[in-house]
Amino acid sequence: MASSLQTNRVIIHVDFDYFYAQCEARENPSLKDRPIVVCVYSGRGEDSGAVATANYAARKYGVKSGIPIIQAKRKLQDVDAAFLPVNFDLYDRVSESIMSILRGHAERFEQVGIDEAFLDVTLKVERDFAKATQLALEIQNKIMTKERITISVGVGPNKLVAKIAAGRQKPFGLTVVRQEEVEAFLGPLPVNELLGVGRKTVVVMQEMGVNTIGDLARFDLDKLVKRFGKVLGVYFYSSAKGIDVSPVQERGMAESISHIPTLKEDTRDLDTILEEAYKICTDVYERAGELKLSFKTITVQLVLQDMSTPSRSRTFEAPVENLETLKATVKELFQKLLVEVPAELKARRIGVKISNFSATRQAQKHITEFTAR
Ligand code: DCP
Ligand code: CA
Ligand code: CA
């Protein structure tokens with residue numbers, strides 16, 4: 001029976017608070033108390049584009065993800081707000097550091113997008129929600145201390161409950177829902193809190209007299225199946241009862257790890273390029289080490305002033321075993337690549353990518369131990 005499976009698990013869900021805006025505030029503390037609006041500019045005019053996210057000071061004025069920048073400016077016209085362009089390099093870097101801390105605390109780990117993850121901690125906390133609460137607080141504080149980022153956390157008997165719990169108290173919130181509390185926790189919430197219940201479904205459910213998750217849990221299963229089909233009907237019904245047996249599982253192995261920062265000044269000077277490139281080598285090499293991946297392919301890339309992106313790569317027979325080989329190869333590849341690019345064009349960005357992964361011996365050992373248990 002499904003319920004016996006789920007009472008046995010302890011799942012933590014983590015969602016980073018106002019993520020892009022919080023990264024910006026961390027890098028520039030003078031922004032801290034001001035409304036911050038992170039913008040995806042379309043490139044067509046100064047105010048054209050959409051808001052990626054905003055901090056809580058800006059949300060007070062009704063600014064939120066997805067609204068036009070021009071509308072956000074109107075809402076904040078009398079306030080000293082900061083409008084910043086997205087800086088994905090920064091968000092990726094912060095996300096990777098936090099994810100690797102989180103991964104270290106989980107028996108099973110699943111990253112979802114740039115700012116969310118599930119951790120299965122069942123064995124570690126011995127199925128004890130009091131211990132899980134302690135662990136969740138520890139994780140929150142560790143990320144605050146090490147990365148200076150607040151996260152909100154939900155603890156529940158499965159992924160569905162943990163995720164909804166994490167969204168209940170923000171920012172820097174912790175919400176714990178034990179199996180016996182699931183019904184009372186979910187009951188009063190609007191149906192759109194359930195994954196897969198979008199705006200159209202909400203309207204249909206309203207017509208059926210279903211507004212809350214509790215209404216849905218008490219609704220007649222046959223009628224739901226008639227209206228939504230067997231798969232969706234059963235899914236809505238069991239979700240409303242807080243049933244979810246889906247496992248926490250690592251998403252497919254990364255295809256590649258790369259970093260392609262913008263240079264301080266456009267250049268085609270090999271030494272300048274290499275100075276930056278060696279830093280990237282160290283970054284991607286350490287990242288692969290954390291993920292216990294070894295790689296056979298090394299690629300270097302340039303983004304030139306005309307936005308063309310020439311690249312060169314080499315694939316080794318055996319996994320690359322050390323950082324020095326990576327750096328030496330990157331040097332050789334950039335030397336060759338620079339000869340090929342038109343003399344009048346300088347590089348705006350340079351990148352290093354490693355790919356063609358396999359699990360290292362250490363990781364394989366871990367996987368075998370795990371399956372043998
Ligand atoms: N994002 C975006 N465009 C959207 C929604 C989100 O670019 N329409 C980006 C910016 C967010 C990040 O994704 O910082 C994470 O999205 P969340 O929905 O988790 O929102 P936030 O982290 O910004 O805020 P919250 O504190 O509510 O989680
Ligand atoms: Ca978030
Ligand atoms: Ca999120």
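Begin by selecting ligand 1 together with F19: in this predicted model, an oxygen atom of the ligand sits 3.0 Å from a polar backbone atom of F19. Keep ligand 1 displayed and add Y20, where a polar backbone atom is likewise found 3.0 Å from an oxygen atom of the ligand. Then add F16, whose backbone contributes an N or O atom that lies 3.2 Å from an oxygen atom of ligand 1. With these three residues on screen, it helps to consider the ligand's surface: ligand 1 taken alone exposes 550 Å², and 67% of that is buried by the protein.

Widen the selection now to the whole shell around ligand 1, which has 13 residues, the closest being Y18, T53, Y56, R59 and D115. Colouring by secondary structure shows where parts of this shell come from, since β1, α2 (19–27), β3 (49–54) and α3 (56–59) each supply at least two of its residues. If you colour by residue class instead, the shell divides into six nonpolar, two polar and five charged residues.

Move next to the second largest pocket, which has a volume of about 660 Å³. To centre the view, select L160, K163, E193, L194 and L195, the residues nearest the centre of this pocket among the 25 that line it. Which elements each supply at least two residues of this lining? They are β1 (11–16), β5 (108–112), β6 (116–120), α7 (159–166) and α12 (230–240), so that β1, which also supplies at least two residues of the ligand shell, is worth keeping highlighted as you go from one site to the other. The largest share of the pocket lining, five residues, is provided by α7. By class, the lining of this pocket comprises 10 nonpolar, six polar and nine charged residues.

Stay with α7 and select the helix by itself. Is α7 mostly covered or mostly open? The helix is mostly covered, with seven of its eight residues buried; the buried positions are K159, L160, V161, A162, I164, A165 and A166. Just ahead of the helix, select N158, which caps the N-terminal end of α7 through a side-chain oxygen placed 3.2 Å from the backbone nitrogen of L160.

Two threonines in loops make the next stops. Select T150 in the loop between α6 (129–147) and β7 (151–156), and show its side chain together with that of D17, because the two side chains make a polar contact at 2.7 Å. T150 has a relative accessibility of 13% and therefore counts as buried, the cut-off for that class being under 20%. Then select T122, which belongs to the loop between β6 and α6. The side chain of T122 makes a polar contact of 2.6 Å with the side chain of D120, and T122 too is buried, its relative accessible area being 5%.

Finish at helix α14 (residues 323–340), where you should select Q335. Is Q335 buried, partly exposed or exposed? Q335 is partly exposed, with a relative accessible area of 36%, a value that falls between the 20% and 50% limits used for the buried and exposed classes. As a last step, add L274 to the selection and draw a distance between the two C-alpha atoms: Q335 and L274 are 61 residues apart along the chain, while their C-alpha atoms are separated by 9.6 Å.

Note on methods
Residues numbered from 1 in each chain as written. Chains lettered and ligands numbered in written order. Predicted model: local features only at pLDDT ≥ 70, side-chain atom pairs only at ≥ 80, totals over all residues. Heavy atoms only, no water. 1 Å grid on protein atoms, 1.4 Å probe; cavity = no way out; pocket = protein on both sides within 12 Å on 5 of 7 lines; lining within 4 Å. Points joined across faces, edges and corners; volume = space filled by probe spheres on them. Helix = DSSP H or I, 4+ residues; strand = E, 2+ residues; numbered from the N terminus. Nonpolar A, V, L, I, M, F, W, Y, C, P; charged D, E, K, R; others polar. Near = heavy atom within 4 Å. Polar contact = N/O pair within 3.5 Å; in protein donor to acceptor, adjacent residues only side chain to side chain. Areas by Shrake-Rupley, 256 points an atom, 1.4 Å probe, with all protein chains shown as cover. Buried < 20%, exposed > 50% of the residue type's maximum accessible area, 1.4 Å probe, protein only.
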